[in-house]
Structure formats: structure tokens, C-alpha cells
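Open the model in a viewer and keep the selection panel at hand. The stops below go from one selection to the next.

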Amino acid sequence: MSRSAHPAGPRHADVLPEGHYTAPAADLNVLDPKVWSRTVARDERGAATVGGLSVTDLAEEFGTPAYFLDESDFRARCRAWADAFGADADVFYAGKAFLSRAVVRWLKEEGLNLDVCSGGELTTALSAGMPAERIAFHGNNKSEEEIRTAVEAGVGRIVLDSFQEIVRVAHIAQSLGRRQRVQIRVTVGVEAHTHEFIATAHEDQKFGIALAGGQAAEAVRRALRLDGLELIGIHSHIGSQIFDMAGFEVSARRVVQLLAEVRDEHGVELPEIDLGGGLGIAYTSEDDPREPHEIAKALGEIVTRECEAAGLATPRISVEPGRAIVGPTAFTLYRVGTVKPLEGLRTYVSVDGGMSDNIRTALYDAEYSVSLVSRTSDAAPMLSRVVGKHCESGDIVVRDAFLPSDLAPGDLIAVPATGAYCRSMASNYNHALRPPVVAVRDGEARVIVRRETEEDLLRLDVG
């Protein structure tokens, strides 16, 4: 159903300031399947639905803001990645994107492995029944306690990130009478075309051991000498939100070159390489991500070609999609609080969440889509900025987007593709309560991470 437009001044696409927006869609009521999870649609009343449930009913039951995760979509994406890479490769879900015990169980059931990068993530994985041998442990500064827990649990691999960590893991493993399987993370000098803070393979950053200057080769020498370690391969990660496979081609070539040097010096062919994750998703209709089968085919061809040229047996490939699995499966539902038009500029739409539930816009200048979802509207589009309720001018959820000009307080709007990093990076800024994560599937909804309460905040405040 529609609501008549409220007076709001000029809002049309022919009067626009400079910004990060794109032209309004021909029909603002269309929910682009490129950015929304697979079961999202509109019902006969015009409200968006997910898993067969109306967002108006979900808002009534679970409140706003809230993350709604399409479980069917999540599972389907897990299967697509597993099928694309097949039995001769390994897919590790990058838990940092979003992790909960329910998600761990889904991963286990769908046949994916799990990558963790903290003691908390490891504890969550083990508590939900993920077999330790299917877990990889990352991190540039793992504590001795975290390493000991991982080795005692029998994690399938620890990714070594520094010379100090090579010795640290070897010592702990030996003291426990274990021989720990490890990979060495190398920085290959490839800078993905992405934000500086999420590009991870150029030399001037905190992760990995550089190929340049022979540092990675020296790390291999040290790892091979230590009885507590079983070196199984090389790990590389070139960044995040990547659409172009060219960076992976250069990275694979340099990693394979290192494998050849290891063979020539030590007479050992390491059996695995991990090319990391970072594959992009569609946050807006202009994004064009690759499908898992396309990625698997491209990576397989790159590695096989480079290994044949170097005279090496093709190693087992691992990849680490996180965002590419969970990102598109969830959206954040907000209720509009105020609508503030700025004549000749844009309209500020304030919602009941903000940077505490999605820091990515402020941190990375990330772009998102947004739609009115509690109803449809035939009103003209207005250039809008969706902002939160925090005491920061940078508290922006969607920098520039078009919403119907009859938008009013009480309406529900939703930001799609918020499954990755939004809940993981959520905070209590201004003592905001972190929203719940609600899994929806086949007409049923259940909380998998509950909403925080004021009692939770006070429980931690021991003053």
C-alpha cells in the first residue's frame, strides 16, 4: 500500500549534490535480488518478507534494530562453495565475518571447515561441536594461552604470522608432546584494489612474513628445523571485497615460486597452499561479484598452470570465504524516527540504530543499499542519508541513497548485505544495546544471538 507524500521540498534526481549515490531505480519498490537474500520478497500488502515471514511481524516480535539472517540462503551458499571446490580442496568459513554457535552447527552440517582468529572464536567453535581438525587458527599476535588451547584441542592447522610465533608454537607443541600442523602466512607484495585498512598483502602492514628480502624463505627454514611443527603449506591473503582475479593470479605465481624454492633447497614439496578469502559481494546493484564455481575454476587453473611451469605437483588448495557466504544472507531492520529535509541538499533519515550496529560506513567508507520495507510507495524518490542516533556527525549507515519522498516516522527500512562484520564489529557506543541476530527459515524465526539488555551493561560495570 502507499501513503501520500508529505511536504519535503525538492528531492528529485535533477537537483543533486555531489555524493556516493547512484541514479534512483526505476521502481524503488523492487528489492534487487543481487543485494538481498534469496527468500526475500514482498507480500500482497507490500511489506517485505524473508523466509515467508513479514518484516512488520518480525519487527513486532523481535523489535528494531535487528539483524535477520536467512538460514536457507546461508546453507545454500555453503553448499555452493563446497560443491564448487570439491573433495580435492578445502573451504574454510572465515568466522570473523560472523560467528555464533548456530552458525558453527550449520557449517558442520554443510561440510565446511572453519577459520578462527581468537581464543573467543575458537571456544565458540569447539563449544558448538566443530571437530578441531576442521579448524584453522589465524592471528598476528596469538597469546601463549590461545596457542596452548588450540594445540591441546588438536586444531587442524595454525597459521604462523611471525618469526617469534614459529618458535612459540613449536615450544608449546613440544611441551605438550604434540607435532602441530602449521602454515606460514606470507605477504606477496600484491595490493588488492580496496580500502587501505582491508588490503593485506602489501609489505607495509601487520600481517604475515614478506617474500621480499628472503624473509619467507627463512621462515620456512626455521619451521622445517623444529620438531614441534609439521609445515604443510603456505598461506596468502591479498585483501577484502575483491572482484578482480588478477591479484590472485600474481599472488599464486609468487607463492608457487616459493614452493619451488623450498623444493630446490630442502627437497620437500609442501602439499598445500591457502589463497585466503576476500571475494567481494554486492552491496549495491552496481557490484558484480563472481559465483563460487567461477572462482574455483579460475583459482584452480591459475595454480595448476603455475605449478606445471615450475615442475611441481599441484598442491591442495584452500580458500576462506566469510563475507561471500554470510554477507548477502542478512539484512538490518530499522524503524525511522525522524525525517529531516535539507532544502537543495538531501533528506536526513534517522533510525533507531547506527554506527554501533554498522561501523563499516564510518570505518571503511562502505556503501550500502536501503529500501522502505514496511510498505510500498508510489511517491517520487528523494536523495536521502540514513543516519543513526549516536552523538557523532559521522554516524552514517547509508551515505546517499534514494528513498520514497513520503517516508515518515514509524516506517521500517532495511539495509541488505549486512551479514558480514556488522554484528561482529558492533559496539556499545553511547551504551547502545547490541541488536539480536534472528535466523529465519521456512516460516519460522528464532533468536540465535539475543538482544543485549541494560542489565547486561550493568553486570559488566563493577564500579
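**Charges over rings**

Select Arg222 and Phe163: the arginine lies over the face of the ring, 4.3 Å from the ring centre. The model is predicted. Next select Lys142 and Phe137, where the lysine lies over the ring face at 6.0 Å from the ring centre.

**Aromatic pairs**

Seven aromatic pairs are present in the structure. Select Phe68 and Phe331 for one of them: the ring centres are 5.8 Å apart and the planes stand at 35°, so this pair is tilted. Phe68 belongs to strand 4 (residues 66–70) and Phe331 to strand 14 (residues 330–342), so the pair ties together parts 263 residues apart in sequence. Phe68 and Phe331 are both buried.

Now select Phe74 and Tyr93. The centres of these two rings are 5.8 Å apart and their planes are at 70°, which means the pair is edge-to-face. Phe74 is in helix 2 and Tyr93 in strand 5 (residues 89–94), 19 residues apart, and the pair links distant parts of the chain. Both Phe74 and Tyr93 are buried.

To see a cluster, add Trp36 and Phe62 to Phe68 and Phe331; these four residues form one aromatic cluster.

**Helix 2**

Select residues 71–85, which make up helix 2. At 1.5 Å a residue, its 15 residues should span 21 Å, and the end C-alpha atoms are 22 Å apart, which agrees. Colour the buried residues of this helix: Glu71, Asp73, Phe74, Arg75, Ala76, Arg77, Cys78, Trp81 and Phe85. After the helix comes Gly86, with a positive phi near 75°.

Stay in helix 2 and pick Arg75. Is Arg75 buried or exposed? Its relative accessible area is 8%, under the 20% cut-off, so Arg75 is buried. Leaving aside residues up to four places away in sequence, Arg75 touches Trp106, Glu109, Glu110 and Arg441.

**A three-stranded sheet**

Move to the open sheet of three strands, which has the order 1-2-3 and antiparallel pairing. Strand 1 (41–42) and strand 3 (53–54) stand at the edges with a single partner strand each, so each has one side without a neighbour in the sheet. Select strand 1 together with strand 2 (residues 48–50): the two pair in the antiparallel sense over two bridges. For the last selection, take Arg42 and look across to strand 2, where Ala48 stands opposite.

Methods: Residues are numbered from 1 along each chain as its sequence is written. This is a predicted model: local features need pLDDT of at least 70, side-chain atom pairs count only at pLDDT 80 or more; totals for chains, interfaces and linings use all residues. Side-chain values use heavy atoms; hydrogens and water are left out. Helices (H or I, at least four residues) and strands (E, at least two) are DSSP runs, numbered from the N terminus. The expected span of a helix is 1.5 Å times one less than its number of residues. Buried means under 20% relative accessible area, exposed over 50%, partly exposed in between (1.4 Å probe, protein chains only). Contact means heavy atoms within 4.5 Å. Two strands pair if DSSP finds at least two bridges between them. Rings of Phe, Tyr and Trp (its six-membered ring) pair if their centres lie within 6.5 Å; planes under 30 degrees apart count as stacked, over 60 as edge-to-face and the rest as tilted. A charge sits over a ring if NZ of Lys or CZ of Arg is within 6 Å of the ring centre and within 35 degrees of the ring normal.
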